[in-house]
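Dear colleague,

Please find the structure we discussed below, handed over for your own inspection. My notes on what was found in it follow.

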Amino acid sequence: MPDQLKLQIISGSDQGKIFNFEQHDTFVFGRMEDCHICLPEDTFVSRHHFILEVLPPQARVRDLGSLNGTYINDIKHGGRERHETPEQAAMRRYPEVDLKDGDEIKVGDTVLKLNIIPAVYCTNCGNEIPPERLPEDRSKIGSILCENCQKELQKKRAEELKPKPPEPVICQKCGRNVSAEVHGVPQAGYVCQRCQQEAAFDPAQLLMDLFAKLAAEKSLPQEAAELNIPDYEILRKLGEGGMGAVYLAKNKKTGQQVALKVMLSKVAVSENARKQFMREIDNQKALRHKNIVDFVGRGSVGSMFYFLQEFCSGGCIGKLMERRGGRLDLKEADSIILDSLEGMAFAHKSKYVHRDLKPQNILLQDVNGKLAAKIGDFGMAKNFTQAGFSGMTVTGSYGGTPPFMPREQVINFKYVQPVTDVWALGATYYNMLTGNYPLDFRAAPDPILVILNNKPVPIRKHRSDIPNRVAEVIDRALEVKINDRYKDAGEMLSAMRKAL
């Protein structure tokens, strides 16, 4: 198991409850039913009091504009001062605190204690050692071997006790076993007597050949070797975001232009986590559709991951909106959303969720003289985030995603479903048509509070010429309750076709 966090309620009405976290997740405390700890009768507690984001072994608390503040080790964070009105307090920037092992969070009579349980790895092979094979007091763990390495060590020690025949001496030039010539004492780089007596023997050339052999034995990691980046010429940068950058590249041999996406982890990447991430990406390479960007290949070196994708010459929807003055006309936006819904309907039917749909991730490609929309970045952002490589993404800064994030993505971080993509598609269509976001993020400085507490503004309040039937589809896609939305992109696509 990886690093773990344990959050235990040690005082209060829910005393004894324990929450365990093994991967990137969120935890909300307050009086509302959607909170993980819900205390509706406690007047000290605000509706959404604080959010805890965990990325084991890291944890961060953000007070969500509470009335009375959140106490970390008896130090108050957030809350309203006596002389402040609620409006004045709301304008102050949200306070965040990074937690460490043993820290206590107190709200009213409720006290929660955080314990960090780090994973332990074999000091020889680097594989994780199961918790049941560790001593109870982990502070006593020093150099430790896994079961397999312990067996190998015992076997090696037993072999070392056995008498061993001398290692054969091999002539570096002719390759013969010439142990008899050196009287049983191995000599590195030995050249036999016969070879030395040959007229063509050149000691300097032999030395050069040995160096060439050593150089040839050096190789890149497996994933890096599968996709040879030196075969490509970098032409220019196409864009960048919170997790990396995208470049236009050209294959030197074939002339094919591709988009090279480079993603750099913000945290240390274990070998197991890197392999798991690559497996997730490989699972989605077969996701082929005319409205999904084609996947060409991938590779990695350490904490850096790189991917080759189809290059879409029309850029992203965000750039198109800029060229059009901030929003699109109805006909152009309708065509784009229908293409996008077709791509996502195929993905949802294939059991895949995107998780990060927004104008920057919908690209345009010229197909027979007509611009076609294609869903980009499929699976990469989702898996990169869930693997924890992008660092804190809810309480941190994450590339402008909050305007396209529904509330369940904050509350139930790990369990996003196709209905989550429906909200993001509705928000993207809303943004294309109006230049505004469904939620009014000017209402408070903390975007999490806006997502948790505010309802979308009906689209026709921003643009009255949108047909009623189209507006109804968009407004339903943006319903706060997931049961009131379309269940997936296929259902929304059918409704949109009828409305247009």
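**Aromatic pairs**

Phe-21 and Phe-27 are both buried. Their ring centres lie 6.4 Å apart with the planes at 90°, so this pair is edge-to-face. Together with Phe-19, Phe-21 and Phe-27 make up one aromatic cluster. Please bear in mind throughout that this is a predicted model.

A stacked pair is formed by Phe-29 and Phe-50, with 5.0 Å from centre to centre and 5° between the planes. Phe-29 belongs to strand β3 (residues 25-30) and Phe-50 to strand β5 (residues 48-55), so the pair ties together parts that are 21 residues apart in sequence. Phe-29 counts as buried, at 0% relative accessibility, and Phe-50 likewise counts as buried at 0%. Over the whole structure, the search finds 6 aromatic pairs.

One further aromatic ring has a charged partner. The charged end of Arg-355 sits over the ring of Phe-413, at 4.3 Å from the ring centre.

**The five-stranded sheet**

Strands β3 and β5 also appear in an open sheet of 5 strands, whose order is β4-β3-β5-β6-β9 and whose pairing is mixed. The edges are held by β4 (37-38) and β9, each with a single partner strand, so one side of each is left without a neighbour in the sheet.

At the β9 edge, β6 and β9 run antiparallel and are joined by 3 bridges. In this pairing Arg-62 stands opposite Glu-96 in β9. The side chains of Arg-62 and Glu-96 also meet in a salt bridge, at 2.5 Å from N to O. Arg-62 lies in strand β6 (residues 58-63) and Glu-96 in strand β9 (residues 96-98), so the salt bridge ties together parts that are 34 residues apart in sequence. How buried or exposed are the two partners? Arg-62 counts as buried, with 1% relative accessibility, whereas Glu-96 is partly exposed, with a relative accessible area of 33%.

**Other salt bridges**

The structure holds 16 salt bridges. Glu-408 and Arg-485 form one of them, with 2.9 Å between the closest N and O atoms. This pair links distant parts of the chain: Glu-408 is in helix α10 (residues 408-411), while Arg-485 is in the loop between α13 (468-477) and α14 (489-499), 77 residues away. Glu-408 and Arg-485 are both buried. Elsewhere, salt bridges with shared partners join Arg-62, Glu-96 and Asp-446 into one network.

Arg-288 and Asp-294 form another salt bridge, their closest N and O atoms being 3.5 Å apart. Arg-288 is partly exposed, with a relative accessible area of 43%. Asp-294 also counts as partly exposed, at 30% relative accessibility.

**Strand β10 and its neighbours**

Strand β10 (residues 104-107) presents two faces: Ile-105 and Val-107 are on the covered one, Glu-104 and Lys-106 on the uncovered one. This arrangement can be read against a general pattern: in a regular strand, side chains alternate between the two faces of the sheet.

Which strands pair with β10? Strand β7 (residues 70-72) runs antiparallel to β10 and is joined to it by 2 bridges. Strand β11 (residues 110-117) pairs with β10 over 4 bridges, also in the antiparallel sense. Ile-105 of the covered face stands opposite Ile-72 and, in β11, opposite Leu-112. The hairpin of β10 and β11 has 2 residues between the strands, and Gly-108 there takes a positive phi near 60°.

**Helix α13**

In α13 the buried residues are Val-470, Ala-471, Val-473, Ile-474 and Ala-477. Seen down the axis of α13, these residues fall within an arc of 160°, so they line one face of the helix. The general geometry is a useful reference here: an α-helix has 3.6 residues a turn, so residues three or four places apart point the same way. Arg-469 and Glu-472 are exposed, on the face of α13 turned away from the buried side. What do the buried residues of α13 pack against? They pack against α11 (418-434) and α14.

With kind regards

Notes: Residues are numbered from 1 along each chain as its sequence is written. This is a predicted model: local features need pLDDT of at least 70, side-chain atom pairs count only at pLDDT 80 or more; totals for chains, interfaces and linings use all residues. Side-chain values use heavy atoms; hydrogens and water are left out. A salt bridge is a side-chain nitrogen of Lys or Arg within 4 Å of a carboxyl oxygen of Asp or Glu. Buried means under 20% relative accessible area, exposed over 50%, partly exposed in between (1.4 Å probe, protein chains only). Two strands pair if DSSP finds at least two bridges between them. The arc is that of the directions from the helix axis to the C-beta atoms. Contact means heavy atoms within 4.5 Å. Rings of Phe, Tyr and Trp (its six-membered ring) pair if their centres lie within 6.5 Å; planes under 30 degrees apart count as stacked, over 60 as edge-to-face and the rest as tilted. A charge sits over a ring if NZ of Lys or CZ of Arg is within 6 Å of the ring centre and within 35 degrees of the ring normal.
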